[in-house]
Amino acid sequence: MATAGETRPAAQSVAHDDRVDVRLERVTKAFGDMVAVNDISLTIPGGTFFSLLGPSGCGKTTTLTMIGGFEDPTAGGIYLGGVEVTGQPPYKRDVNTVFQSYALFPHLDVFENVAFGLRRKKVSKDEIRSRVIEILTLVDLPGYEKRKPGQLSGGQQQRVALARALVNKPKLLLLDEPLGALDLKLRKQMQLELKRIQTEVGITFLYVTHDQEEAMVMSDQLAVMSGGQIEQIGPPQEVYDRPSTRFVAGFLGASNMIAGEVVGQEQDGSAVRLEHGDTVTLPADKMAGRARLVLIGVRPEKITVAPLDQQVPDGWAAIEGTIKITAYIGVSYQYSVEGPGGRTFTVYTQNVSGDGGQPANGDRVKLMWDLRHTFVIDSDGAPVVDTEGEEL
């Protein structure tokens, strides 16, 4: 594959699955000595809602801009619909982009903002009107044709930007943190609207965000990025329930991590001695290929808060601790529990009783969880930290 700056042959089709809309092959992007994207490969099936998720500076937006043609890769190849487009300018790619800033024309009304691309393509007036009205109905803005952007709310402006991108019927829509400027309630509403619209139009959406909940709500699949590399790809439930690295476990929601050492094999799994002294048997499917030193993870909502005299069911693990902080957050309670060795565990319990009979600060409790709900990753030798990021 040619690198940026080399002369490329004309784009040509390659053998591919027709459902694959985007394929990156060992793509790297460097800005001088700084490598923003480091040798990533990625396949995005057609018709899916796919998210690139990660913290600021992880390379997700750079990846998006290379797919859109706004940046050329330093090395590697980019394929859209089986055709290599590396080095092609954006206007030659059947791709549209929606940015956080909306970039609407303030002097044009909604109709003309949406129709702008169609007029540049010299589409007939009748077809322009038909397609604009159709797409405004799709984004729930019928009757807003004559309003100017300044007369719209932030959510409505975002819908206009989305309509303008979709009216051209691209095969791929790129969305770069488009909901970042909205307030929380509107952002949650627009998450569901975006998913509805993507399902109805059936084109591929590639979405960039640093918001974990946003990515999980909307995505069919997501890729978690860190340091210019992809840490894990998969459906949201799989990545959340079975993270493959410590970074993914910590970034995609809260995790309680316990260091352990494999000390033997049992008929139904591996015997692991946890750092606080107990030995548990973890199912074989979670331990296949694991190193001797591991980290056992359990999500806060998987833990049951029980009295000290509660019997631990077979196949469950338990630790004792003291409740230090109790927070009421409406749909649930959040507890910070100090466990063995001073380790802090975070626990969420559903607010279902409404009778106020919840444990209080200072109470000694037993934290129990089904070992089938744990995940296991290899220890990288780094210190285990609690959920507040403090080394223990």
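The charged end of K29 sits over the ring of F31, at 5.0 Å from the ring's centre. R299 does something similar with Y240, lying over the ring face at 4.0 Å from the centre. For a charge to sit over a ring, NZ of Lys or CZ of Arg has to be within 6 Å of the ring centre and within 35 degrees of the ring normal.

A quick word on what you're looking at. This is a predicted model, where local features need pLDDT of at least 70 and side-chain atom pairs count only at pLDDT 80 or more, while totals for chains, interfaces and linings use all residues. Residues are numbered from 1 along each chain as its sequence is written, and side-chain values use heavy atoms, with hydrogens and water left out.

## Salt bridges

Side chains of opposite charge can pair when their charged atoms come close. Here a salt bridge means a side-chain nitrogen of Lys or Arg within 4 Å of a carboxyl oxygen of Asp or Glu, and the structure holds 17 of them. Three of the pairs look like this:

| Salt bridge | N to O distance |
|---|---|
| D39 and R26 | 3.0 Å |
| R119 and E112 | 2.8 Å |
| E200 and R196 | 3.0 Å |

Take D39 and R26, whose side chains meet in a salt bridge. D39 belongs to strand β2 (residues 34-45) and R26 to strand β1 (residues 20-31), so their contact ties together parts that are 13 residues apart in sequence. Helices (H or I, at least four residues) and strands (E, at least two) are DSSP runs, numbered from the N terminus.

How open are these side chains? Buried means under 20% relative accessible area, exposed means over 50%, and partly exposed is in between (1.4 Å probe, protein chains only). R26 is exposed at 52%, and D39 is partly exposed at 35%. In the bridge between R119 and E112, R119 is partly exposed at 37%, and E112 is partly exposed too, at 25%.

E200 and R196 stay within one element: both lie in helix α5 (residues 184-201), 4 residues apart, or about one turn of the helix. They don't stand alone, either, as salt bridges that share partners join R159, E193, R196 and E200 into one network. R196 itself is partly exposed, with a relative accessible area of 26%.

## Rings meeting rings

Next come the aromatic pairs, and the structure holds 7. Rings of Phe, Tyr and Trp (its six-membered ring) pair if their centres lie within 6.5 Å; planes under 30 degrees apart count as stacked, over 60 as edge-to-face and the rest as tilted.

F105 and F116 make a tilted pair, 4.8 Å centre to centre with 50 degrees between the planes. This pair links distant parts of the chain, with F105 in the loop between β6 (95-99) and α2 (110-120), and F116 in helix α2, 11 residues apart. F105 is partly exposed at 27%, and F116 is partly exposed at 33%.

Y328 and Y333 have ring centres 5.2 Å apart and planes at 55 degrees, so their pair is tilted. Y328 is exposed, at 54% relative accessible area, whereas Y333 is buried at 14%. Elsewhere, ring pairs link F49, F205 and Y207 into a cluster.

## Empty space

Rolling a probe the size of a water molecule over the atoms shows where empty space is left. The search runs on a 1 Å grid over the protein atoms alone: a cavity is a set of points where a 1.4 Å probe fits but cannot get out, while a pocket is an open set with protein on both sides within 12 Å along at least five of seven lines, and lining residues have an atom within 4 Å of a point. Grid points are joined across faces, edges and corners, and a volume is the space filled by probe spheres set on the points.

How many cavities of 30 Å³ or more are there? The count comes to 1. The largest cavity has a volume of about 30 Å³, and I258, E275, H276, P340, R343 and F345 line it.

The largest pocket holds about 790 Å³ of space. Its lining has 25 residues, and those closest to the pocket's centre are V95, N96, T97, G117 and N168. β6, α2 and α4 (154-166) are the elements that give two or more residues to this lining, with β6 providing the largest share, 5 residues.
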